[in-house]
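Grab a coffee and work through a few exercises on the structure below. Try each task yourself before reading its solution.

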Amino acid sequence: MHAAERVLTGVDLRSFDYEDVDHGAFRRRMHKTYLSVPSQTQFVESGVKDAKHVSATDRSEQTRSNMAIVRSNTPLTRTKEDANAEKIRALIRSTRERSKPHEDLKKNQLNGECDERFQFVSACLAGQGHFSRVRAAKKRATVDDLGPVFKKQNVAQQMRPQRVMPAVTGKIPYSKIVRARNMKDLEIELLHRGLDVIPASITKRKDELKKLEAARLVRDCNMERKDAANHKEFLPLSDAPFKTADDD
Amino acid sequence: MERTRSSRRVSPTTTPPPQALNSRPGLRPRFRHCTEISGLPDACRCDGCARFQNSRHSHKPRDQFKSRELQCYKAWTKTKTKTKVKKNKFNHWEKLTNFIRDHHHISPESLEQNSDDELEGDNNNNNNNTVTVVADDDGDSTAAVAPTPAKNQRQINWVENVFYVEKERFSIMVPTAHKIELRSDISRWYKCYEILMAMRKKLQQKQCMTNSVFSQTLWATMLAATPALPFSAAQCLFPLVMLAFFRDTGLFDQDDLFDTNVKTKKFVTSFPSDWVLPQHVWRQAARDTISLGNTLLDMIIYLACDKGNKKGIGHFIKFLCWWNDETHCVETRLLDMDAAGGKSDAAAEAIRTSMEKLKTHPGAATHLLSGQCTDSGGGGVTDNLAMHLQCLGLCVQENYLIAICCLHALQLQLSNAVNTVFGEGQIGRVNATQLIHSVYRLQESLELHEWRHILYKASLFVSSFNEDDEFEPLDATATRRQQTQHEHEAEFRRSFARVARFHTLFKRNVLKDPSIISKYKDTPFYKMLALILTRWWTVGSGASCAFDHYLCIYHACQQVINMYESGSTPCNIASDLFSLMSNQETFLDITLIRCFCKAYINPHFDWFQSNTDLSSKVAFQAHNVVARFWLMDYDLRHVYSAVSMNQHREAVALFNFEDAVADDNVNLIAERDKHLHKLSIFMKTAHKSLLKHFNRWVAPLLLPAALLSETPVAQVVASAMLQVPMPSFASLFDRFSGFYNYKSEAHGRVIELRSLCKFVRKEITTAESNGEGRE
């Protein structure tokens, strides 16, 4: 509300004049508070993409994360002109800028505080203190806790009959019956099943066979009429050979 | 027996009379080494001389060999009384002194004395080398060293060395083997020599060791810059790179560093191994994290995070963002990408562990988060995540800002609308989503160059196809097979002609032969991406591609069906796609998606992805979101009148026109009503999604961000916040239209301020009714 009042009185909060006696500090606070709020997370998506890069060669989770941290601090973008040379220069410059403070810290440290902190952070990044260990321990605890608590078996858990292949059951798929091999077989089978007039085309012969087989299934196997009609195989009742493959 | 005795006995008649031993120095030969004593048997020589004689050291005079092993013992300079002869040298001393006495008739004592004289003489000679500086005719000073002539030495060649001191010329004659140089030059050379020796030593280590932080950082940087390079490959690469790079400098020429056998040297062990390399990366990551912690101490920090599963690990990417006072720019840095569980509590726990690394002391109340930005769906996002972070004490207690990704929210509008009106794509379904996905699947089922060639051939057909041209009938001599073929082609042509009437803006030009072009981008040959409703632009891009090349793809389907056996994957996909494309209603839906993306989604996407107003950084436009919210709302209300929607209007107008009968067009009217109904639901769903996801930005905590937008917009928002009348923007008022039009540079659009004011007030009320009171 205070900021709104200032805006209505004509104060320009967009200015970067932080030295202004009346409004400088307020502007700075507003900028710090609101300008750094992300409005979209595409740069985080770039992190996801980076995760893909550092995941190459099946590195461990720790190494991936470490590489990503270093990459985040490294200038890897290319300039339009003299791209390669500029990139190398930028890498060296960045290296110097990043290493110098730590050389100074190490040189000027009291009571080994710098070394101590380095040890702590290092341990957090890769070692006993890494979060993956905590996560893994939690997962193990969940297994220990919930594994022995039994749920009621769901539908998918129920046992289903095994699918037995036609080669085992002796049944023959209709789709394997072709004109070149099985015209005579169909004739024998249909005659055996009591059909008097044998159709000329194989399609019609198959249709007749399907009807007869469906009737048999309903009669002998107590199958539902609908299921029987959709049945894809038949059991040869005659002695017809019903070859399902050409001779070699 | 007697003969033997007599043979051993020295006959007094044959023994020469003893000669007087020579004790005069001038007449005595001057021995420097055993080898200079003529007739001395090898057995009587000292170890040094024997070694020298057996070696191949002949490239320089004996005097110049300084190694201890090759020094002559000079036994003749030692006497029993004066210089104590070592016990192990006594035998040699005795033999030598006897030989000199017996064969050279020189008293050993005199030789010892002579040696002393010689030493003294040498000293005198050195002292006698007087330098005479004389001025010549030109006034230059000439310094000349008068050499002491030495006996039994090689001839020395002299050369004049000229140099200047304080503009005064000096000239000194020195042996050609020597040269006078400036002391500073010598010092520089010495330093260079030391560097070179250090380099050579570095290449001969048992293992790679460096205490230099710079070196460690550089190793880490270069490895991080090349993430696809495995450490195991890097450990082999670097020695070879070094060798290749320095081979022509002569660094490896000398045998002591790198011989042709290689295996005897330590060169190969001097470089970091695949154990050391990750150590460098690890240490650098620790240093960077410490630096980040130091930078962010007592700063206002925001967190942006997202999850991404890569190669079996669910990486939880955490970025920190803050405002840099000095550069006036937002900065972002990756905190880490350690994996985390999918739920909010697991995400919060992961964030806690990550933030702990920034603190100087574990558990310190520093580095508190002031806000967050996440996607708006799934676990570990928005308010639920914030609540868990609060519980863990990771956030500031008050005014914690919770933002959602505007790009994600924008895409959700399309996603929700498509899912509600058309449904998700699935094999067997007939809808627009499945059509776009099938185009991708067909492309994936074929080899890319094959697919490109099919498209090229299709473009030839499309460009030459004319509905009015009659399909040439076959002559009477055609075989049955040819007749069947002809019938099939005629059938396809009829289908194609029908589809070609769906729209007038299909691309019908001949494509370039893909085998002769090198860049496929911006051509239909460019590989299409999989359609993912929540991934940015893939939907719009897929719909656009399908629309533009509808006829080519249609013909391509038929080609694939012709080429592949029935039952094969490409044939199945092509058959499905052919069926989908033949459906004009599905085509209408594709057109709607394309036009909606073009007219509404894409402009706003572009703005969110490119604007850097005030923050100097893309993705940090919280201050402009309120105005953009109004623009999106405005666009969505007026989207159907946009020019980009013309294509959809045309598609609706052309719908099923071939079936329309003048007297009986009831079905046609019903179909058109259905499309308008679909359109209405599509827009309503998108609008609902807009309000749902963007309303957060006018909530009391985030609304003050809009006070940093351009002044008129900021003042409108301020007046709405304070519930006072909108300021009178007299200069912006347009008397003719009655609008307060402000041309916003940040948005590149005109904003009508009164409408904005009304909108903001309304949304504030809605936000309040949602339970977030004003402060």
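**Exercise 1.** Find which residues B:Val626 is in contact with, leaving aside its neighbours within four places in sequence.

*Solution.* This is a predicted model, so treat what follows as computed from it. Start at B:Val626 and look for residues whose C-beta atoms lie within 7 Å of its own. Skipping the sequence neighbours, you get B:Trp697, B:Val698, B:Leu703, B:Ala706, B:Val717 and B:Val760. Next, place B:Val626 in its wider setting: together with B:Val717, it has the most contacts inside the largest nonpolar core, a set of 179 residues. The top contributor to this core is helix α18 (residues 584–610) of chain B, which gives 13 residues. Finally, check for anything separate: a second core of 13 residues includes B:Cys46, B:Tyr73, B:Trp93 and B:Ile100.

**Exercise 2.** Work out how strand β3 (residues 158–165) of chain B is paired, and whether it is buried or lies in the open.

*Solution.* First, the partner: β3(B) pairs with strand β4 (residues 168–175) of chain B, antiparallel, over 8 bridges. For one of the bridges, follow B:Phe163 across to B:Phe170. Then look at the connection: the two strands make a hairpin with 2 residues between them. B:Glu166 sits in that turn, with a positive phi of about 50°. Last, burial: of the 8 residues in β3(B), the number buried is 0, so the strand lies largely in the open.

**Exercise 3.** What percentage of the 775 residues in chain B is buried?

*Solution.* Count residues with 20 or more other C-beta atoms within 10 Å of their own. That comes to 34% for chain B.

Note on methods. Residues numbered from 1 in each chain as written. Chains lettered and ligands numbered in written order. Predicted model: local features only at pLDDT ≥ 70, side-chain atom pairs only at ≥ 80, totals over all residues. Buried ≥ 20, exposed ≤ 12 C-beta atoms within 10 Å, placed from the backbone. Helix = DSSP H or I, 4+ residues; strand = E, 2+ residues; numbered from the N terminus. Pairing = 2+ DSSP bridges. Core = buried A, V, L, I, M, F, W, Y, C linked by C-beta atoms within 7 Å. Contact = placed C-beta atoms within 7 Å.
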